[in-house]
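Dear colleague,

Please find below the structure that I am handing over to you. I would be grateful if you could read the notes that follow alongside it.

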4 protein chains.
Amino acid sequence: MARPKSDDKRSAILAAAIRVIVKQGLGAPTATIAREAGIANGSLFTYFETKADLFNQLYLELKTGMAAAASDGLSHKATLRVQCARMWSNWTRWAAKHPDSRRALALLGVFGDLTAETRAAAHQAMVPMAVILERARSKGPLRNSPMNFAIAMMNSLAETTMDFMIQDPKHADEHSKVGFEALWRMLN
Amino acid sequence: MARPKSDDKRSAILAAAIRVIVKQGLGAPTATIAREAGIANGSLFTYFETKADLFNQLYLELKTGMAAAASDGLSHKATLRVQCARMWSNWTRWAAKHPDSRRALALLGVFGDLTAETRAAAHQAMVPMAVILERARSKGPLRNSPMNFAIAMMNSLAETTMDFMIQDPKHADEHSKVGFEALWRMLN
Amino acid sequence: MARPKSDDKRSAILAAAIRVIVKQGLGAPTATIAREAGIANGSLFTYFETKADLFNQLYLELKTGMAAAASDGLSHKATLRVQCARMWSNWTRWAAKHPDSRRALALLGVFGDLTAETRAAAHQAMVPMAVILERARSKGPLRNSPMNFAIAMMNSLAETTMDFMIQDPKHADEHSKVGFEALWRMLN
Amino acid sequence: MARPKSDDKRSAILAAAIRVIVKQGLGAPTATIAREAGIANGSLFTYFETKADLFNQLYLELKTGMAAAASDGLSHKATLRVQCARMWSNWTRWAAKHPDSRRALALLGVFGDLTAETRAAAHQAMVPMAVILERARSKGPLRNSPMNFAIAMMNSLAETTMDFMIQDPKHADEHSKVGFEALWRMLN
DNA sequence: CATGAATGAGCGTTCATTCAT
DNA sequence: GATGAATGAACGCTCATTCAT
């Protein structure tokens, strides 16, 4: 095979897309993304069939990466609270470390052409996190609400926390902790 | 004369914009909004200098309306909890009653060309709500966090609650109550 | 109505399309046609929804014009031969006078996106000519062949004749006459 | 070495081009032709310098093949009418047998970038057929018209006949005969 | 002031051709 | 020579905005 489709280039496009989306929003021209990735505008379409395809894949990759980061090193032997705390810490730390990814992910979340498949897959990636949360919810005051309600609440609290961590990086850890305690109060 | 021209038409455009944004997103053509408002495409620009201007004004109007609804009938004599509950109830009820406005507001919130002025004014509109929340925060576990953190958390919890109320209107009241209790736990 | 859609402009676009198609073929950019018509590239699309639409309308207009020219001044009292001769003369003269239209028509005939409706309408325009030919066919050696066969043969003979008339304008009349006699022999 | 590289591959490309042109028209991507030929898109350009080159060569090859088929088995001892009839029969039979080739040839005939050389060579290929026709023409009513006129007329009659033969294969032979008689009447 | 045609920059995508492997 | 990724000019069409009526 001559000049195989390089994974590096694919990654470069995705990385460029993050940067460009953060700067210009979802309306950013594919040509700009291509230039930022250091390739010709047409080349983008060897790696992604359409702009929507690119955005779907990017969304999924970011979401998956985020979920993986959040789930890292969870010891199943630990207390539920410890597990939750670890997950929360992982999660918010990831956001603080990758503010562009986080922002792009937020924007992509409202991208009109996200596929049902993409959404489903993104949901799948969150399952491990959901499982842990679920154990906490089912014993507390939210026990009669739908599981998705609790997940969504955790999500929204996390988003808010992340915003503050990114805005005010000096107190990032503090914000993260405060956020977690708020979550825990909500759950218990 | 602060606002010459027909105020009716202005309102028609704003109302049309809500409907169109909900259906098509922020990328919706101004021509579509104009048609929906029953006016000629060019006329839209008699009332709003640019598309961005229209969106800024709409955002502000919606936010202000929402805040006004939330602050309605708050008795300063009542308990803090009662006041908060009333505000929460007003707020989420407004969203349940105006799902399009709520959705449009959410979309406009990520509109890239929102002015600093617009954001500031929107923030202002929320002050009365913030004041009440502030009293609760300052006595509880969030007492050492910035006020905006608490506001943002309340906001995100409210957003989530509203989503579920709109999604599942039969249990709207229930969701609203559960959401409030979660908030209250978070605050105390 | 402000600045009503001018028929002049529509005609200018059609006329420009003829010229450009002759020079560049069906692949000619719409922008070139617009420039040739003296309007902005985007304006073309106020008059024709798509390039295909433009080409369909142009095809129909040319075909209709051609058929009308061919059918001009036919006396129903005259001999069949005289009528046929008149039609043939009208027809080929039209082509000789409007070589660009004729060429564009030929190219448009193989345009891949001609609508069934367009083809049907074009067919309709040819009916008056077909009627006359039909009377000749049904009495001669082609009486057992499908009517369309005779029409197609007349067509192809006419096309050939026109080519020669345009190529060699000095003997246009002579070519036309020779062509007609050939047709007549074929029919009788 | 006039033609290095694999002759098989060259033929495969030409054959593929016929199929693709019939299905998609002259605008068909070279990449599609290459895929249909079972080679890589870039390889096409090892065999043909440009798309136009490919189309020119294909046109010539088809025309030559057609002319060869038409001229097959002509006995110079036979009557002029018999020779013409044989040629006509060969010719139209070829079309009926190779409808794709015939259709591609027709499309290529209006390809804008056919070279003068190609046209000349194609003309050359028709000479043997022209010679026979010429003998008929020079004695009949077309004796005062240019030879090319007669050739073109025969051509156009043949095209029409072929169309009907392909459209209505059950009566192909009949159409062929009727077409020939029409030609013969025209010539005499 | 209302209208809607006119404008033209801009976008996503295609594709003939080139060239690194 | 074969491959297929890379290139970038080009195209059809959209749409915010302007302006003649």
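The notes below take the protein interfaces and then the two DNA strands.

The model is a predicted one, in which local features need pLDDT of at least 70 and side-chain atom pairs count only at pLDDT 80 or more, while totals for chains, interfaces and linings use all residues. Residues are numbered from 1 along each chain as its sequence is written, chains are lettered from A and ligands numbered from 1 in the order in which they are written, and side-chain values use heavy atoms, with hydrogens and water left out.

**Chains A and B**

Between these two chains, 23 residues of chain A are in contact with 22 residues of chain B, contact being heavy atoms within 4.5 Å. The area buried between chain A and chain B is about 1900 Å², with 77% of it on carbon and sulfur atoms; buried area here is the accessible area (1.4 Å probe) that two parts lose on being put together, summed over both. On the side of chain A, the residues that lose the most area to chain B are A:F149, A:F164 and A:R185, which together make up 30% of what that side buries.

Zero salt bridges are found across the interface of chain A and chain B, a salt bridge being a side-chain nitrogen of Lys or Arg within 4 Å of a carboxyl oxygen of Asp or Glu. Five residue pairs, both members at pLDDT 80 or more, are in polar contact between chain A and chain B. A polar contact is a pair of N or O atoms within 3.5 Å; within protein, one must be able to donate a hydrogen and the other to accept it, and residues adjacent in sequence count only if both atoms are side-chain atoms.

Two or more residues each come from α8 (147–167) and α9 (172–187) of chain A on the side that touches chain B, and α8(A) gives the most, with nine residues. Helices (H or I, at least four residues) and strands (E, at least two) are DSSP runs, numbered from the N terminus. By class, this side of chain A has 14 nonpolar, eight polar and one charged residues. Ala, Val, Leu, Ile, Met, Phe, Trp, Tyr, Cys and Pro count as nonpolar, Asp, Glu, Lys and Arg as charged, and the others, Gly among them, as polar.

**Chains C and D**

Here 23 residues of chain C are in contact with 22 residues of chain D. Chain C and chain D bury about 1900 Å² between them, of which carbon and sulfur atoms give 77%. C:F149, C:F164 and C:R185 lose the most area to chain D within chain C, together 29% of what that side buries. The interface of chain C and chain D has zero salt bridges and five residue pairs in polar contact (both at pLDDT 80 or more). The elements of chain C that give two or more residues to the side touching chain D are α8 (147–167) and α9 (172–187), and α8(C) gives the most, with nine residues.

Chain C can be laid on chain D with an RMSD of 0.3 Å by a turn of 178 degrees and a shift of 0.2 Å along the axis, which is the relation of a two-fold axis. Copies are superposed by least squares on the C-alpha atoms of residues with pLDDT of at least 70 in both. Of the interface residues of chain C, 96% are also interface residues in chain D, so the copies meet through the same surface.

**DNA strand E**

Of the 37 residues around DNA strand E, A:T30, A:K51, C:A2, C:R3 and D:T30 come nearest, a residue being near a strand if one of its heavy atoms lies within 4 Å of it. Sugar or phosphate holds 63% of the atoms of DNA strand E within 4 Å of the protein, and the rest belong to bases. A backbone N or O atom of B:G42 lies 3.2 Å from a base nitrogen of DNA strand E, and one of C:G42 lies 3.4 Å from a base nitrogen of that strand. C:S43 has a polar side-chain atom 2.9 Å from a phosphate oxygen of DNA strand E.

**DNA strand F**

DNA strand F is surrounded by 37 residues, the closest being A:A2, A:R3, B:T30, C:T30 and C:K51. Of the atoms of DNA strand F that come within 4 Å of the protein, sugar and phosphate account for 62%. Polar backbone atoms lie 3.3 Å from a base nitrogen of DNA strand F in A:G42 and 3.2 Å from a base nitrogen of DNA strand F in D:G42. A polar backbone atom of B:K51 is 2.9 Å from a phosphate oxygen of DNA strand F.

With kind regards
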